[in-house]
Amino acid sequence: MNHDPFSWGRPSNDVYGQYNHQIANATISNDADSCNLTNFPKMNTQQPIITGTSVVSLKFKDGIIMAADNLGSYGSLLRFTNMERLLRVGKETIVGVSGDISDMQQLERLLEELETTEEVYDNDGGHNLRAPHVHEYLSKVLYNRRSKMNPLWNALVVGGFNDDGTPFLRYVDLLGVTYGSSAISTGFGSHLAVPLLRQLVPKDPDYENVTEEQARDAILNCMRVLFYRDARSLDKFSLVTIKKGEELKFEKNLKCENQSWKFAQDIRGYGSAQL
Amino acid sequence: MFRNNYDNDSVTYSPTGRLFQVEYALEAIKQGSAAVGLVSKNHVVLAALKRNAEELGSYQKKIIKVDDHMGIALAGLAPDGRVLSNYLRKQAMSSKMIFNRPLSTSKAVLSIADKAQENTQSYGSRPYGVGLLVSGYDETGAHLYEFQPSGSVLEYYGAAIGARSQAARTYLERNLETVRETESVDELIVHGLNALRDTLSQDVELTFKNTSISVVGKDTNFTIYDDADVQQYLDKLDSVSNARNRDDDDEEGNNETQGDTNENTGNDVPSEDRMETDE
């Protein structure tokens, strides 16, 4: 058997002659790669370009809190340092976006359109668009796109309130995978932040014992730890607090504080070096 | 001879600013059998009178379920009602699919109103010839809307459409307070049937064959009662005869004659819109 994937499913050349790539305007040839786009009839997103890193979020007694830094990386280049990755939808819903920034901006448009049609027009009052509805909509959009093999390269966290007023926090990503939890992070944060947040809420219903101050301290701590260890992170970030019965609080240009670097001066070399 | 030059299509205004094709569509509703809707605090009831073309025929369906929390009663051209109810069902399903929430009653009725309105300003189409009573229960409570093919939508505590519906409106106006305060669904249905009974013409009575009832409300999915299921509510009516057949109650009978005369005048096109031609 020929193990070259590019020859699979083709009539063999020695019986039928060379395959004619002009058929159906498919100019793809054996030397096609992602750098040579003219060789493809059509190509969908295969990797993100400008990216945003973790979103960290937590439920507390009477609301949710969410943070994301303001960085848009271009590979390892920290290219844009003023990206806002927390999107507000309506009065009491926030969507935190990580992953491709251009796809985030597309989602931003969709959400703005959603807000205009569902919240502004034909709204007789009382029938508001809430976080579960926004999440359901986004999950349908993302799953639809991945099913077309053309995903929006993002992982999202939607925070807000259920119809009965309880806090709502749910994740959805480029595959259309969703789950809910009392502490959710995307990307690097799912490795570093969630273990820290889980100390506060070991089990899902435990968020009811967490105060706003505790939640805020835990999130600020996570942002600091992420800045220590995530090479694609920034110490400047935004933080949103949504509390039942209160106006959504959107804090911008926060800084990671109380970092400890003093110990570094005592570290010398990688082993035996004494000076 | 007198001829009207302003009613050939729905895009032509008369000199007095009226759209005759739309008004003719409203007439089609008055030809249909009556449907009544009424709202209490937590429930909406629709009651409708079904007609059969002949003794051997079946009765035309008047109440259509849209979703678990919404349904309509129609008067006028049933096929147009079917088209609109199918559209409402699609809207309800897509709201469930996309947002995972039930479609709000106001949004539903406005969506078909927009559809109907488009038919009043484009050449080659005709307005829908059907009026709807849309009942629904959503997070903002129980609602009843009247839809007209002109595209106008109004919310009501009690409404009636179709032939001789004025009599039912009169009944609802008189009993508005009690209807609004009613806690029991059965009482609300009896009020609906009383109103519907007043629309009947002479020698016709409500039977389980010609009556259709629906309920929707708090903790109550949209339910249609037809045929044998209606009998239990008909049994609750205090008297089996309608106002027209009641000899002892002249007052209500008079009211209905008034309603009839109103309908008749509605058929006439006012003289100012009539053009004299040499035909």
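This passage describes a predicted model with chains A and B, beginning with chain A and then turning to the interface and to chain B.

The secondary structure of chain A consists of five helices and 13 strands. Chain A has 275 residues, and 43% of them are classed as buried. Among the contacts in chain A with a separation of 6 or more, 60% join residues that lie 24 or more positions apart.

Strand E13 of chain A runs over residues 249-255 and includes Glu251(A). The relative accessible area of Glu251(A) is 18%, so this residue is buried, the cut-off being under 20%. A polar contact of 2.8 Å links the side chain of Glu251(A) to the side chain of Arg216(A). Once neighbours within four places in sequence are set aside, the residues in contact with Glu251(A) are Arg216(A), Phe237(A), Ser238(A), Leu239(A) and Thr241(A).

Asn258(A) belongs to the segment after E13 of chain A. Its phi angle is near 55 degrees, a positive value in a residue other than glycine. With a relative accessible area of 67%, Asn258(A) is exposed, because the cut-off for that class is over 50%.

At the interface, 15 residues of chain A are in contact with 14 residues of chain B. The two chains bury about 1,400 Å² between them, and carbon and sulfur atoms contribute 52% of this area. On the side of chain B, 43% of the area buried against chain A is supplied by Phe99(B), Arg101(B) and Lys107(B), which is more than any other three residues supply.

Polar interactions also link the chains. Six residue pairs are in polar contact between chain B and chain A, with both residues at pLDDT 80 or more, and three salt bridges are counted between the two chains. One of the salt bridges pairs the side chain of Arg101(B) with that of Glu118(A), at an N to O distance of 2.9 Å. Two elements of chain B each give two or more residues to the side that touches chain A, namely helix H2 (78-99) and helix H3 (105-118). By residue class, that side of chain B is made up of six nonpolar, four polar and four charged residues.

Helix H6 of chain B covers residues 185-197. At 1.5 Å a residue, its 13 residues should span 18 Å, and the end C-alpha atoms are 18 Å apart, so the expected and computed values agree. At the start of H6(B), a side-chain oxygen of Ser184(B) comes to within 3.3 Å of the backbone nitrogen of Asp186(B).

H6(B) is mostly covered, with ten of its 13 residues buried. The buried residues are Leu188(B), Ile189(B), Val190(B), His191(B), Gly192(B), Leu193(B), Asn194(B), Ala195(B), Leu196(B) and Arg197(B). They pack against both strands and helices of chain B: the strands are E2 (35-39), E3 (43-49) and E10 (211-217), and the helices are H4 (165-174), H5 (176-181) and H7 (231-234).

Strand E10 of chain B is followed by a loop that leads to strand E11 (220-225), and Asp219(B) is placed in this loop. The phi angle of Asp219(B) is near 55 degrees, again a positive value in a residue other than glycine. Asp219(B) has a relative accessible area of 78% and is therefore exposed, given the cut-off of over 50%.

Note on methods. Residues are numbered from 1 along each chain as its sequence is written. Chains are lettered from A and ligands numbered from 1 in the order in which they are written. This is a predicted model: local features need pLDDT of at least 70, side-chain atom pairs count only at pLDDT 80 or more; totals for chains, interfaces and linings use all residues. Side-chain values use heavy atoms; hydrogens and water are left out. Contact means heavy atoms within 4.5 Å. Buried area is the accessible area (1.4 Å probe) that two parts lose on being put together, summed over both. A salt bridge is a side-chain nitrogen of Lys or Arg within 4 Å of a carboxyl oxygen of Asp or Glu. A polar contact is a pair of N or O atoms within 3.5 Å; within protein, one must be able to donate a hydrogen and the other to accept it, and residues adjacent in sequence count only if both atoms are side-chain atoms. Helices (H or I, at least four residues) and strands (E, at least two) are DSSP runs, numbered from the N terminus. Ala, Val, Leu, Ile, Met, Phe, Trp, Tyr, Cys and Pro count as nonpolar, Asp, Glu, Lys and Arg as charged, and the others, Gly among them, as polar. The expected span of a helix is 1.5 Å times one less than its number of residues. Buried means under 20% relative accessible area, exposed over 50%, partly exposed in between (1.4 Å probe, protein chains only).
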